[in-house]
Number of protein chains: 2
Amino acid sequence: MITTEETFEMRRRGVMLVLSSPSGAGKTSLSRSMLEQDRHITLSISVTTRPMRPGEVHGKDYFFVSHAEFERMVEKGELLEYAKVFDNYYGTPRGFVNETLGGGKDVLFDIDWQGTRQLAASNRPDLVSVFILPPSMAELERRLRIRAQDSDEVVAGRMAKAQAEMSHWPEYDYVIINRNFAATLGQITAILNAERCKRVRQPGLDDFVNSL
Amino acid sequence: MITTEETFEMRRRGVMLVLSSPSGAGKTSLSRSMLEQDRHITLSISVTTRPMRPGEVHGKDYFFVSHAEFERMVEKGELLEYAKVFDNYYGTPRGFVNETLGGGKDVLFDIDWQGTRQLAASNRPDLVSVFILPPSMAELERRLRIRAQDSDEVVAGRMAKAQAEMSHWPEYDYVIINRNFAATLGQITAILNAERCKRVRQPGLDDFVNSL
């Protein structure tokens with residue numbers, strides 16, 4: 001693990017790290033590993049109107065709210081981005097993200113191209129977007145089949161959705177082909193550590209150099 | 001070491017990685033380690049009119065040329081950048097850099113702020129610039145004194161030159177405070193590996209996705 005401990009002694013600006021990929025390309029496992037190995041990044045927890053599933057925890061997996069509460073959040077501008085998927089709404093609470101970035105920490109977003117596009121539209125210099133591609137469609141299908149004992153129809157539907165999601169890779173800053181989990185995790189880690197070294201993310205540098 | 005082996009299977013655009021720092025901040029050791037640990041990056045060898053010193057090798061340390069030959073290279077546009085330091089000229093041959101980048105390899109530049117500014121003026125998207133700062137002026141002076149048994153006057157002169165060089169950190173993309181050699185090397189490695197994952201540096205992605 002590369003340590004960037006030293007840069008944290010000075011005032012810094014957090015990174016909004018977006019990971020997007022078609023379902024089955026490895027994004028969820030990669031996000032989990034990023035959060036485990038680096039205590040300076042924290043997950044943005046979405047708010048949703050969809051019902052809680054068995055095993056899910058409010059405030060960990062999602063913030064589960066009613067349709068009325070979601071609409072109130074949209075009206076008050078409390079969401080950085082939101083989208084409707086089937087009959088349910090999903091969104092990113094603005095307050096948590098701003099507090100985390102302000103504290104010099106980074107925020108990881110596990111969102112799709114629509115959410116990324118909305119975040120990008122706000123033109124925040126904090127945004128760093130990474131798209132994960134599968135090595136092949138055959139491998140993507142194999143991973144989707146391994147995951148659950150779904151019918152051919154369900155898998156076919158997921159493959160079609162994956163293809164649509166994948167078409168948005170040209171909108172991202174970085175693109176990684178996930179042939180090997182460890183290599184891909186290393187590349188995402190490198191991206192985060194490199195972004196932390198960017199001059200513009202270290203507003204304390206001026207004071208540091210003046211103090212020399 | 002993070003491996004980015006996978007990305008090299010596809011057509012890519014090489015990175016021009018510039019490392020600058022005041023003398024004594026560790027740039028030379030860092031450059032050497034980067035070249036040793038990564039076979040996809042190669043050093044840009046400068047051409048100079050200064051006399052060869054004992055132990056130096058033509059084509060390894062520098063290309064040693066006459067003033068007349070240097071002037072011919074400038075006139076023919078064969079140098080990407082050049083500068084006069086005291087009575088000697090130093091420059092970067094364009095041909096070697098373009099051939100290396102065209103072959104999908106990266107080129108490391110160990111040059112000062114003047115050379116970096118000239119490279120930046122050509123507005124090449126390949127350019128990635130990193131400035132290495134010392135942790136303190138006392139530490140910089142300590143390193144300058146360790147290196148050679150120089151007189152106080154010589155050290156004072158180098159410190160003044162270091163201060164002038166250091167004032168140019170705001171012109172660089174990335175800034176690293178070299179408190180610890182291994183951490184700094186890890187950060188430069190992360191920057192190079194991250195830059196390799198940038199969408200714009202992987203012109204083969206279009207073909208890859210179409211082949212899926």
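The paragraphs below lead through a predicted model of two chains, from the sheet in each chain to the place where the chains meet.

Because the model is predicted, local features are described at pLDDT of at least 70 and side-chain atom pairs count only at pLDDT 80 or more, while totals for chains, interfaces and linings use all residues. Residues are numbered from 1 along each chain as its sequence is written, and chains are lettered from A, with ligands numbered from 1, in the order in which they are written.

A good place to begin is the sheet of chain A, in which five strands form an open, parallel arrangement in the order E2-E7-E1-E8-E9. Strands (E, at least two residues) and helices (H or I, at least four) are DSSP runs numbered from the N terminus, and two strands are said to pair if DSSP finds at least two bridges between them. Strand E2 (41–43) and E9 of chain A stand at the edges with a single partner strand each, so one side of each has no neighbour in the sheet. Neighbouring strands of this sheet are turned against each other by 25 degrees on average, direction ignored. At one edge, E2(A) pairs with strand E7 (residues 106–110) of chain A in the parallel sense over three bridges, and here A:Thr42 stands opposite A:Val107 in E7(A).

Against this sheet packs H7(A), which touches strand E1 (16–20), E2, E7, strand E8 (127–133) and E9 of chain A, and whose direction makes about 170 degrees with that of E8(A). Such angles run from 0 to 180 degrees between N-to-C directions, with axes fitted as lines to C-alpha atoms, for helices over the stretch in contact. In the loop between E9 and H7 of chain A lies A:Arg179, a partly exposed residue with 16 other C-beta atoms within 10 Å. On this scale a residue is buried with 20 or more other C-beta atoms within 10 Å of its own, exposed with 12 or fewer, and partly exposed in between, the C-beta atoms being placed from the backbone.

In chain B, too, five strands form an open, parallel sheet in the order E2-E7-E1-E8-E9. Within it, five of the five residues of strand E1 (residues 16–20) of chain B are buried, so this strand is largely enclosed by the rest of the structure. B:Met16, B:Val18 and B:Ser20 point one way from E1(B), whereas B:Leu17 and B:Leu19 point the other way. E1(B) runs parallel to strand E7 (residues 106–110) of chain B, to which four bridges join it, and it pairs in the parallel sense with strand E8 (residues 127–133) of chain B over five bridges. B:Met16 has B:Val107 as its bridge partner in E7(B) and B:Leu127 in E8(B).

How, then, are the chains related? A rotation of 180 degrees with 0.0 Å of shift along its axis superposes chain A on chain B (RMSD 0.0 Å), by least squares on the C-alpha atoms of residues with pLDDT of at least 70 in both. That is the relation of a two-fold axis. Of the residues of chain A, A:Ala190 comes closest to the rotation axis, at 2.2 Å (C-alpha).

Where the chains meet, 32 residues of chain A are in contact with 32 residues of chain B, contact meaning that the C-beta atoms, placed from the backbone, lie within 7 Å. The elements giving two or more residues to this side of chain A are strand E9 (174–177), helix H7 (181–196) and helix H8 (205–211), and H7(A) supplies the largest share, seven residues.

Notes. Contact = placed C-beta atoms within 7 Å.
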